[in-house]
Amino acid sequence: MNLSSLFTRDALGRRGFLIGAGAVGGGAAWASAALLTHPGAGGAGAARAVAARPELMTAALGSGLERVPGALTQARATAAPSRGGLTAAARAARAARELAPFADRLPVPPVLRGRGGRLTVSMRTASVRLHRDLPATRLWTYEGGHLGPTIEARSGQRLRIAWENDLTGAFPLAAVRVPFAFEEGQPLMWDRPGREGADPRGDVAALPPWTAVHLHGAVTGGGNDGWAENAVLPGHAQLSEYPNQQAATGLWYHDHAMHITHLNVMSGLAAGAYLIRDAEEDGLDLPAGERELPLVLFDRNLDLDAEGRFTGDLLYKGIVVADDPYELVRPFTGPFTLVNGRIWPYAEVAGGWYRLRLLNASNNRPYLLKLVTEDGTAVDAKRFVQIGTDAGLLPKPAPLADGIALAPAERADVLVDFSAFRGRRLRLVNALPEPGIREDVMQFRVHGRAEDTGFRPPAVLGAAFTPVAPEKAAKAPERMVVLTPVYPKDPELWEMAETEAPTGKLPQDGIVQLEDADGRVRTFKRVASSYQDPVAFTVAAGSTERWSFLSLEKSEGSYPHPMHLHATAFSALSREVYDVSAFTFFELDGGGYGAGTSKPLKRVRAGELSAAEKGPKDTIALNPAELVTVAARFHHTPGRFLHHCHIYEHEDMMMMRPFVVQPKAVIDLAPHGAHGGSPSAGPAHH
């Protein structure tokens with residue numbers, strides 16, 4: 001019996017989608033049966049229980065089998081061997097484990113600066129070695145490197161970039177889709193290389209070099225933002241203008257082509273740093289030059305030949321964890337961690353302070369980064385401090401006693417003091433339970449000679465970013481965005497509007513009720529969910545708004561949704577935990593599923609915000625059963641922009657919605673109902 005036979009069948013046709021509840025902690029998902037209601041008139045009707053999501057599926061979504069009670073028993077009883085057989089799986093696992101860590105020096109990309117406010121960046125095909133012991137890999141690249149060049153700009157100085165598409169050749173990434181299978185004693189399928197006997201997908205092999213470059217975090221007009229559908233083919237250039245009217249910060253560029261971002265980034269168009277400098281940063285005398293290192297992290301998988309040897313080619317392996325009534329494919333994670341495009345590299349550093357510009361550019365994998373000595377002891381937090389986050393400097397340094405948590409697209413600007421470790425080696429590791437084939441990210445080799453530049457972290461850092469005052473935030477217009485669970489239908493991103501409580505019994509499709517800590521019940525209705533739906537959110541240029549993101553995912557420990565807003569920076573106001581068990585699915589008249597709350601979702605407790613989350617951000621991690629609210633300032637840069645989950649597979653499956661920024665005087669003259677307007681300001685719900 002395969003995994004799909006564990007699911008209840010219904011009248012729905014087969015549909016394919018990509019799921020993202022990759023659990024990393026304990027706690028089985030949907031431990032009790034979900035309810036499907038037959039609403040009838042007004043939502044009334046009897047409830048019918050369907051099979052709970054099997055614990056094996058929870059494990060297949062990312063949690064180690066040993067962490068989910070019953071999953072190992074289910075795996076042994078139900079999972080068939082992979083098509084390659086046990087021997088092939090064992091060979092693949094051995095190949096992964098035998099690839100030596102810390103064999104390659106960390107590559108540092110070249111720095112580009114505009115001349116006369118202009119710069120040209122070429123996307124071109126190149127062969128690059130990902131590891132000393134691997135054959136070269138053919139990639140689509142920015143300027144020939146697996147990591148694009150670092151672009152430096154000055155705050156307030158406009159830069160126009162021509163992103164030229166000079167790509168040639170067939171799509172450089174083999175993609176396969178294979179059914180999940182458990183094999184005793186072997187790593188799970190996503191943590192071992194090779195195709196598992198599957199043939200490459202012809203639809204992916206046929207993709208043209210169609211690219212759109214998005215400068216993530218840039219405050220620029222909509223016409224320069226890298227709109228996903230305005231991609232270009234070879235022989236053409238994307239012309240973008242960046243005003244750089246931002247404080248010193250670490251932005252980054254990556255592909256954002258509609259429907260295929262998750263594949264284009266893995267073909268080699270994953271990332272390049274874009275650093276904005278300003279006078280305030282200059283005055284801090286932070287480590288610079290060789291003592292400032294970009295560290296861009298992502299995970300990848302590699303192909304094997306028939307004998308189990310590495311070919312050097314990258315592999316996109318999609319694992320099908322259910323195939324009826326839906327095909328559920330796990331968003332990509334892979335066994336190998338790369339830093340600046342090399343697998344588990346090392347960096348030689350001198351004693352004293354360094355500045356590390358960290359970025360998680362993975363499709364789906366989160367990191368909890370810790371710096372440890374040879375025996376695994378964490379480096380003292382006084383020597384490992386964070387000074388900045390996504391959109392700029394923090395007000396003061398924040399010690400990193402618990403490590404650095406980075407969801408996809410999040411950044412951390414970090415200072416490390418290597419002076420106490422002369423002649424020793426430190427490792428940067430991923431301390432989450434499922435880090436890939438090994439926890440290592442990279443190694444630092446500290447020179448034995450004494451070297452002190454006299455630098456000490458300043459007590460005060462940035463004053464350019466000030467959080468929105470709570471009293472102002474409470475009066476700001478509010479946006480509500482809801483993310484639905486994975487099963488039994490596609491996970492969706494809903495835009496909501498507050499409304500009166502409906503008549504009739506609940507649940508009703510698209511109706512979500514929340515009860516806050518004071519017992520006040522608020523009702524929201526879905527106003528948009530598909531990417532193709534009309535614009536529902538129109539923002540006044542220059543305004544401040546509250547955006548609230550609610551995850552209805554029930555599986556504790558699942559990978560977070562990294563929620564990203566284009567065209568703005570924000571700071572978090574609150575993180576709250578809700579009991580989301582009353583969100584339920586039901587059958588609609590005529591077929592298909594509706595979803596809503598059967599009773600108000602109650603607030604359980606306040607969550608915690610890190611120092612980084614209170615600073616300038618453009619992406620924030622949304623964990624299961626959490627409501628995260630941020631205060632966003634929208635600049636006078638009008639246009640059409642996007643908000644979305646930054647798991648690439650999720651944005652490509654349409655967990656992404658457009659919003660519009662317009663001058664208020666223009667909004668005031670818009671015909672009634674022409675597009676979504678600014679919401680009414682109301683009291684905060686916290």
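Modeller: In this predicted model, a residue is called buried when its relative accessible area is under 20%.

Colleague: Why is Trp344 called buried?

Modeller: Its relative accessible area is 0%, and the cut-off is under 20%, so Trp344 counts as buried. Trp344 belongs to the loop between strand 19 (342-343) and strand 20 (346-349).

Colleague: What makes the phi of Trp344 worth a remark?

Modeller: Most residues other than glycine have a negative phi. Trp344 is not a glycine, yet its phi is near 45°, a positive value. Ala567 is another such case, with phi near 70°. Ala567 sits in the loop between strand 35 and strand 36 (568-579).

Colleague: Is Ala567 buried or exposed?

Modeller: Ala567 has a relative accessible area of 5%. Buried requires under 20%, so Ala567 is buried.

Colleague: What makes the peptide bond between Leu506 and Pro507 notable?

Modeller: Most peptide bonds are trans. The bond joining Leu506 and Pro507 is cis, with omega about 10°. Pro507 is in the loop between strand 30 and strand 31 (511-515).

Colleague: Strand 30 also holds Glu495. What is the relative accessible area of Glu495, and what follows from that value?

Modeller: The value is 0%. Set against the limit of under 20%, it makes Glu495 buried.

Colleague: What makes the pair of Glu495 and His643 a polar contact?

Modeller: The two side chains come to 2.7 Å, and the cut-off for a pair of N or O atoms is within 3.5 Å, provided one can donate a hydrogen and the other accept it. Beyond its sequence neighbours within four places, Glu495 is in contact with residues including Met480, Lys525, Arg526, Phe537, His643 and Arg657.

Colleague: Which strands close into the barrel, and in what order?

Modeller: Eight strands do, in the order 29-30-32-31-39-36-41-34, with mixed pairing. The twist from one strand to the next averages 35°.

Colleague: How do you know that strand 34 and strand 41 pair?

Modeller: Pairing needs at least two bridges. Seven bridges join strand 34 (residues 544-551) to strand 41 (residues 626-634), and the two run antiparallel. One of the partnerships is between Ser548 and Thr629 of strand 41.

Colleague: How many bridges join strand 35 to strand 40?

Modeller: Four bridges join strand 35 (residues 561-565) to strand 40, which is above the required two, and the strands run antiparallel. Met563 stands opposite Ile620. In strand 40 (residues 619-622), Thr619 and Ala621 point one way and Ile620 and Leu622 the other, and all are buried. In general, side chains of a regular strand alternate between the two faces of the sheet.

Colleague: Why is the pair of Tyr242 and Tyr274 classed as it is?

Modeller: The ring centres are 6.0 Å apart, and the planes meet at 70°. Centres must lie within 6.5 Å and planes over 60 degrees apart count as edge-to-face, so this pair is edge-to-face. Tyr242 is in strand 11 (residues 237-242) and Tyr274 in strand 13 (residues 272-277), so the pair ties together parts 32 residues apart in sequence. Both tyrosines are buried.

Colleague: Which residues touch the most other members of the largest nonpolar core?

Modeller: Among them are Tyr274, Phe336 and Ile343, in a core of 62 residues. Strand 5 (residues 118-128) gives the most to this core, with five residues. A second, separate core has 30 residues, including Leu297 and Phe384.

Key. Residues are numbered from 1 along each chain as its sequence is written. This is a predicted model: local features need pLDDT of at least 70, side-chain atom pairs count only at pLDDT 80 or more; totals for chains, interfaces and linings use all residues. Side-chain values use heavy atoms; hydrogens and water are left out. Axes are lines fitted to C-alpha atoms, for helices over the stretch in contact, and angles run from 0 to 180 degrees between N-to-C directions. A nonpolar core is a set of buried Ala, Val, Leu, Ile, Met, Phe, Trp, Tyr and Cys residues joined through side-chain atoms within 4.5 Å. Buried means under 20% relative accessible area, exposed over 50%, partly exposed in between (1.4 Å probe, protein chains only). Contact means heavy atoms within 4.5 Å. Rings of Phe, Tyr and Trp (its six-membered ring) pair if their centres lie within 6.5 Å; planes under 30 degrees apart count as stacked, over 60 as edge-to-face and the rest as tilted.
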